[in-house]
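Here is a walk through one protein model, sheet by sheet and helix by helix. Keep the viewer open as you read.

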Amino acid sequence: MDDFVDRTWVSADGLNLYARDYWGAAGPARLPVICLHGLTRNSRDFEVVALKLAEQTGRRVLALDVRGRGRSDRDPNPVNYNPAVYAGDVIALMAEAGIAKAVFVGTSMGGLITMVLAMSRPDLIAGAVLNDVGPEVGAAGLARIAGYVGGGGSYATWEEAAAYIKSVNGSALPDLADADWMTFAKRTFREERGRIVLDYDPAISNVFKTPPPADAPAPNLWPLFTALAAGRPVMVVRGAQSDILEAETVTRMSAAAPHLRVVEIPGVGHAPTLEEPAALEGLVAFLNTSP
């Protein structure tokens, strides 16, 4: 028997979207958890974490495939690949599933989606965990991501795919063994017409191909973080070597939200898998003291 059921819903613009739905263990009724992955990832990133959270906290956990990734439809209009549209998709899921409020766990892009939701529909968020993301994004990390997103090609074997994904992420996750990289590849790629290909629409990279003018001011995300942190529990998980969420940004986040919980994962860059013992322990503790 699978640990989850397949959940589908239709976006406001007619796309068929997908989520894994893990039902919690017995115990007191608690608000569900919604897990949102990073830019090039999908719901399979949470296959270990979601199950452990459901088992250890008793909560229902939903892990989404954001549009253009995994089993969700690709968007014929790539301009829709942006956090505001993604947030609308989450709102549609919650409405269809009868979920009035949830605790969010967002990795990288998933954290940005959560912050956008905090501005547009704060009533939906009971608490949030931001995994290696905040209201400022490190320039070096952004440039690194722009260098590989939309690339990668296709491969004849899973071993080749695992070698590629290690070449992209190995410096951030130096302690993963060969078997871990194979698992990583199985979460990142899919089989298509006899080849192993990345499991996302290459058009999600379009935003990096048309950068804003050099003199254009960077978007100010601080109001989004302030809205998220207002009146609700918030935790940030940071890879100690992250080039996306810099230590100085976390310091400023803590000053803006003194109740912010911070868990730092040593020896890890962007982004922690959340399967690290310290990350899992922090997540469970956070959920056990959240609504």
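## Helix α1 and its neighbours

The buried residues of α1 pack against β2, β4 and α10 (277-288). This is a predicted model, so take the geometry below in that spirit. Which residues of helix α1 (residues 49-57) are buried? They are Val49, Ala50, Leu53, Ala54 and Thr57. Look down the axis of α1 and these buried residues fall within an arc of 130°, so they line one face of the helix. The spacing fits a familiar rule: an α-helix has 3.6 residues a turn, so residues three or four places apart point the same way. Just after α1 comes Gly58, with a positive phi near 75°.

## The eight-stranded sheet

Now to the sheet that β2 and β4 belong to. Eight strands make an open sheet with mixed pairing, in the order β1-β2-β4-β3-β5-β6-β10-β11. At its edges stand β1 (5-10) and β11 (261-265); each has a single partner strand, so one side of each is left without a neighbour in the sheet. From one strand to the next, the twist averages 20°.

Start at the β1 edge. Here β1 pairs with strand β2 (residues 16-22) in the antiparallel sense, over six bridges. If you want one bridge to click on, Trp9 has Leu17 of β2 as its partner.

Helix α2 (residues 83-97) lies across a good part of this sheet's strand list: β1, β2, β3 (33-36), β4 (61-65) and β5 (102-107). The helix α2 runs at about 115° to β1.

## The three-stranded sheet

There's a second open sheet, this one of three strands, with antiparallel pairing and the order β7-β9-β8. Its edge strands are β7 and β8, each pairing on one side only.

How many bridges join β7 to β9? Two of them join strand β7 (residues 154-155) to strand β9 (residues 195-198), and Ser154 has Val197 in β9 as its bridge partner. On the other pairing, four bridges join strand β8 (residues 189-192) to β9, again antiparallel. There, Arg190 stands opposite Val197 in β9. So Val197 is worth a click: Ser154 is its bridge partner, and Arg190 stands opposite Val197 as well.

The hairpin of β8 and β9 has two residues between the strands, and Arg193 takes a positive phi near 50° in that hairpin. Across β7, β8 and β9 lies helix α5 (residues 158-169), which runs at about 150° to β8.

## Rings and charges

Six aromatic pairs turn up in the structure. One of them is Phe4 with Tyr22, a tilted pair at 5.3 Å centre to centre with 50° between the planes. The two partners come from distant parts of the chain, 18 residues apart: Phe4 sits in the segment before β1, and Tyr22 in strand β2. Are they buried or exposed? Phe4 has a relative accessible area of 18%, which makes it buried, and Tyr22 also counts as buried, at 2% relative accessibility.

Elsewhere, Tyr155, Tyr164 and Phe189 form one aromatic cluster. Two charged side chains also lie over ring faces. Arg69 does so at Tyr81, 5.7 Å from the ring centre, and Lys186 does so at Trp158, 4.9 Å from the ring centre.

## Backbone oddities

Most residues other than glycine have a negative phi, and most peptide bonds are trans. With that in mind, a few spots deserve a look.

| Residue | Backbone angle | Location |
|---|---|---|
| Ser108 | positive phi of about 50° | loop between β5 and α3 (109-120) |
| Asp132 | positive phi of about 60° | loop between β6 (125-131) and α4 (139-148) |

Neither residue in the table is a glycine. Ser108 counts as buried, at 14% relative accessibility. Asp132 is buried too, with a relative accessible area of 0%.

Where does the chain take a cis peptide bond? The bond joins His270 and Ala271, and omega is about -5°. You'll find Ala271 in the loop between β11 and α10. That loop follows the edge strand β11 and leads towards α10, one of the elements that the buried residues of α1 pack against.

Technical notes
Residues are numbered from 1 along each chain as its sequence is written. This is a predicted model: local features need pLDDT of at least 70, side-chain atom pairs count only at pLDDT 80 or more; totals for chains, interfaces and linings use all residues. Side-chain values use heavy atoms; hydrogens and water are left out. Two strands pair if DSSP finds at least two bridges between them. Axes are lines fitted to C-alpha atoms, for helices over the stretch in contact, and angles run from 0 to 180 degrees between N-to-C directions. Contact means heavy atoms within 4.5 Å. Buried means under 20% relative accessible area, exposed over 50%, partly exposed in between (1.4 Å probe, protein chains only). The arc is that of the directions from the helix axis to the C-beta atoms. Rings of Phe, Tyr and Trp (its six-membered ring) pair if their centres lie within 6.5 Å; planes under 30 degrees apart count as stacked, over 60 as edge-to-face and the rest as tilted. A charge sits over a ring if NZ of Lys or CZ of Arg is within 6 Å of the ring centre and within 35 degrees of the ring normal.
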